[in-house]
Every structure is written in structure tokens, then in C-alpha cells.
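Work through the exercises below with the sequence and the 3D structure open. Each task is followed by a solution in steps.

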Amino acid sequence: MERRRELFGGRSAAIFALAGSAIGLGNIWRFPYMVGQTGGAAFIIIYLVCCLLLSLPIFLAEAIIGHRTQAGTFGAMEQLAPGTKWKWLGLLTVVSPLIILSYYSVVGGWSIGYLWQSVTAGFHASDIGTVSSAYERFISAPWRPLFFHTLFLLGCAAIVSAGVKSGIEKFNKISMPLLFVLIVLIMCYSIALPGASEGVAYLVKPDFSKITPSAVAAAMGQSFFSLSLGVGTILTYSSYIRRDENIFVTGLGTVAFDLMFALIAGFAIMPAVFAAGIKPGAGPGLIFETLPYIFAKMGAAAPWLSAGVAVLFFVTIVFAAFTSAISMFEVGVAYLVEQRGLSRRRATVLIFIGTWLLGAVCSLSFGPLSGVKIFGQTIFGFCDMLTSNFLMTFGGLLFVLFVGWKMDKSAVRDEFTCGGTARFNCAVFDAFWFLLRYVAPPAIVIIFLTNFLA
Ligand code: TRP
């Protein structure tokens, strides 16, 4: 099974790819509504702290495994702990990203559908109720969402089958700068709207009474989700990073980009929400209900500008979703290529079929299959809950325990400090080691329990 692995071209390619995986619906859709529900600026401050003290060490734990073994999740466990139960962690992290991909692709498909509508017809509803019922009708009709889901997955398959360098790296290198430019443009539009200043104030003036234990748990969970932790995508991408790269710097760069994007997205969305006179705690319906309403409302005063921004906005969402989805797709492909000896093309076809089927069932669970319930949830809801609340945190906990308590400390130090040559890394290694061993595991258990009890 000796195959020469393709690697990313250099540091910027690696950071773009990792940031591509991290930056997605979590930044544009989940982060703003969490900020809205959990109290504005105070939440942002806790979030910053969580990213640096908790999620960065977890991210690095995964990256260290991938970078050291230069193998996908399953192969990495086989190498570092051969013949032990850890192989189940390898297997779990092949399966969980594929479950996420199945329903993520449904939402990615909706985004393509909304992009299509913003190009062809635009948004004209005069009240939020009309927008909401249009959204309900769209997601519950069987064929259209299925069509867009197929389109979205086909796009992923095309990029992944082209390979690590000429597919994934190339796509991310174009998309990531584009995404930053787009979201900054949208932010400028949003901040310039009449009545937007209240939204800006909401994001910058902290109300410290809002820092409650549940806000802290929510911030930890959000930083976990946003950085794609716990399901082996960071591990797999890190295995494509050259051996001589500094993994700590790569991790720091990725976290910084992810944070920056979430903040800009917050400033792109909240001011518009306030300008349209909507409550900031609108929840998950934010991008498909609240925003089309805002576009319609602003369109009354400046139709072309508003229509243009609507198109840019949905282009941003579609691309952000793509860059994340291909990272999940790649985990499955890497497994089939490296462990099962399949060609990349064949592996891509198999993963496409599997995720298409599960995704189709998820999509139909908004319409014809809405009566099928698992633990009281629709199939889509169940897949989401299973992965976001359980598999991601469980996988993350096991990765952290593996690196902190099972791997050789000297191997971890060697990997973290580039064989002792990176001076700054040597200086912070002890802090990293402490966070990894004593802070991250109990924190993940807290996230897990909060999800469980919620
Ligand atoms: N981080 C992604 C986002 O912000 C979502 C995500 C969660 C993800 N888990 C993942 C992406 C695993 C890739 C792989 O939208």
C-alpha cells in the first residue's frame, strides 16, 4: 500500500485549507445567532478566551497526530497505538464527518437554492411571516431541495477527486481570499444602513451580567464547532502539511482567521438585523428567514444595491459551506485510498453515493418523511444532534486524552517544537501541555454534559 502522498504546497496553502474547513456555516449562521441569543459583546469576550485557551490546544492535539503520522485518522491510530482499542477512535472519526457531511450538504443545497432565487427573482416579501412560510415551503417540497443537495455534493466530489493539491488546495486558495473580501463588503453595506449603530453598539458594549455558566458552556461549544474539532478533519488535513512546517504557527494562524471571520460576520449581520427592527435573538432561522426579509425591506429604498448584496451574501454562504464540506469528504476518501487501496476516483464515487443517500433521507425528513422520529427528532435533527452534541465532543475528548496521556511526551514536544528548533514554541510548550492535560478534558466533559442536559 506504499503510495506517495500528495502534500499541500506550503504554509499559506495549509492555513487556507484548514481555515477553509473551519470557516463555514458555523461562522456566518451559528456565531451571529449565538451572540444574539447569549448577550452580545460579553459572549464575544468569553468566546475569544475559549478559542485561545481551549480550542487551540485541542486543535493542536489533532494536528500533532496527523502531522506526525502523515496518515488519515484510521492509519494514524494504527501507527501510534497498533493493535489497541484506539483503532475505534480512528474508525469513529471516519464515520462522524460523513454523517455531518450528509446533512451539511442539505443546508449547502438550500444556500444554492437561495442564491438562485436571489439571482433570478430576488426577495420581495413585505412581512417576516411571508418569508418564513416561503422558507417552510421550500425545504419541505421533496424535489427542489434534493436537486440542490445533489448539486452541492457533486461540487464537493469534483473538487476532492481532483486531488489534494490540484483540487482542495487550489479551490481553497481562491475561495478563502474571496470570502474575506465578500464578507467585508457586506459588513460595509450593513454598517452604513440607517439605524445600524444600535447593532454595532450591541456587539462592542459588553454587559458583564450576561456572563453566566451557560453562556460559557455555549461559547466553548461554539468554538469547538467552528474549528471543526473532534471529527478527524483537522487531523487529516494536517497529515498533508510538510514535515518541516511549524504546526503551532499553522494552528495559531487558522484560529486567528476563523475568529476574524466570525467577528466580521457578526458585524455584517447584527447591524442589518437592528436596522430592520428585528430582535437579535431570532435563532437558527436567521439566514434563511430574517435576512431575505431584510433584503426585501432594504430593497424598497435601494433595489439594485440590496439585490446585489443579497447575491453576494448567498455566494459567500455557498463558498464557505463548500470549503468546509470538502474537508469532511476528504476524510472518507483518505480512508478508502490509504486503508482499502482504492483509487481516489473510486473512493470519491463511493463516498458520494453514501452521503447522497443519507443526505437525501435528511432532506426528505422536512417533508414526506417528517413523521419518522428518532428520539423525538426528525432524521435531520437526529443526525445534527448526534454529531454536534455527541460525536464531536466525544471524538475531541479522546484525541485530547490520546495526545495528553497516551502519547510519549517527548514525541509531542518534538512535534510541537519542530524538533526543539522553534524557540517560541519551546517557551510555550509547558503551558500547552498543561492546558491539554488538565484544562481541556474537564472542559469538554462540561460541554458534553451541557449538551446532554439541554
Ligand atoms: N467548522 C464548520 C463551520 O464553521 C462546521 C463543522 C463542524 C465542520 N464540524 C466539522 C466542518 C467537521 C468540517 C468538518 O461551519
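**Exercise 1. Decide whether Arg-68 is buried, partly exposed or exposed, and do the same for its salt-bridge partner.**

Solution.
- Step 1. Arg-68 has a relative accessible area of 27% and is partly exposed. The classes are buried for under 20% relative accessible area, exposed for over 50%, and partly exposed in between, with a 1.4 Å probe and protein chains only.
- Step 2. The model is predicted, local features need pLDDT of at least 70, side-chain atom pairs count only at pLDDT 80 or more, and totals for chains, interfaces and linings use all residues. Residues are numbered from 1 along each chain as its sequence is written, and side-chain values use heavy atoms, with hydrogens and water left out.
- Step 3. Arg-68 pairs with Glu-415 in a salt bridge, with 2.9 Å between the closest N and O atoms. A salt bridge here is a side-chain nitrogen of Lys or Arg within 4 Å of a carboxyl oxygen of Asp or Glu.
- Step 4. Arg-68 belongs to helix α3 (residues 41–69) and Glu-415 to helix α17 (residues 409–416), so this salt bridge ties together parts 347 residues apart in sequence. Helices (H or I, at least four residues) and strands (E, at least two) are DSSP runs, numbered from the N terminus.
- Step 5. Glu-415 is buried, at 4% relative accessible area.

**Exercise 2. Which residues are joined with Glu-415 into one network of salt bridges?**

Solution.
- Step 1. Glu-415 also meets Arg-243 in a salt bridge, at 3.4 Å from N to O.
- Step 2. Arg-243 sits in the loop between α11 (233–238) and α12 (247–275), while Glu-415 is in helix α17, so the pair ties together parts 172 residues apart in sequence.
- Step 3. Arg-243 is partly exposed, with 42% relative accessibility.
- Step 4. Shared partners link Arg-68, Arg-243, Asp-414 and Glu-415 into one network of salt bridges.

**Exercise 3. Where do Lys-165 and Glu-169 lie, and how many residues apart are they?**

Solution.
- Step 1. Both residues are in helix α8 (residues 164–192), four residues apart, which is about one turn of the helix.
- Step 2. The side chains of Lys-165 and Glu-169 form a salt bridge, 3.6 Å from N to O.
- Step 3. Lys-165 is partly exposed at 39% relative accessible area, whereas Glu-169 is buried at 8%.
- Step 4. The count of salt bridges by this rule is seven.

**Exercise 4. Describe the surroundings of the ligand: which residues come nearest?**

Solution.
- Step 1. The ligand has 17 residues around it, and Ala-22, Leu-25, Gly-26, Tyr-104 and Phe-225 come nearest. A residue counts as near if one of its heavy atoms lies within 4 Å of the molecule or strand in question.
- Step 2. At least two residues of the shell come from each of α1 (11–22), α2 (25–38), α5 (87–120), α10 (213–226) and α14 (303–340).
- Step 3. For Ala-22, a backbone N or O atom lies 2.8 Å from an oxygen atom of the ligand. For Gly-26, a backbone N or O atom is likewise 2.8 Å from an oxygen atom of the ligand.
- Step 4. Ser-228 places a polar side-chain atom 3.0 Å from a nitrogen atom of the ligand.
- Step 5. The protein covers 100% of the 360 Å² of accessible area that the ligand has on its own. Such areas come from the Shrake-Rupley method with a 1.4 Å probe, and for residues only the protein chains shown count as cover.

**Exercise 5. Which sign does phi have in Phe-375 and in Cys-418, positive or negative?**

Solution.
- Step 1. Phi of Phe-375 is positive, about 50 degrees, although the residue is not a glycine.
- Step 2. Phe-375 is in the loop between α15 (344–364) and α16 (379–406), and is exposed at 74% relative accessible area.
- Step 3. Cys-418, also a residue other than glycine, has a positive phi near 55 degrees.
- Step 4. Cys-418 is in the loop between α17 and α18 (423–453), and is partly exposed at 23% relative accessible area.

**Exercise 6. How many residues lie between the positions of Phe-295 and Arg-413 in sequence, and what is their C-alpha separation?**

Solution.
- Step 1. Phe-295 is in helix α13 (residues 290–301) and is buried, with 6% relative accessible area.
- Step 2. Phe-295 and Arg-413 are 118 residues apart in sequence, and their C-alpha atoms are 51 Å apart in space.

How values were computed: A polar contact is a pair of N or O atoms within 3.5 Å; within protein, one must be able to donate a hydrogen and the other to accept it, and residues adjacent in sequence count only if both atoms are side-chain atoms.
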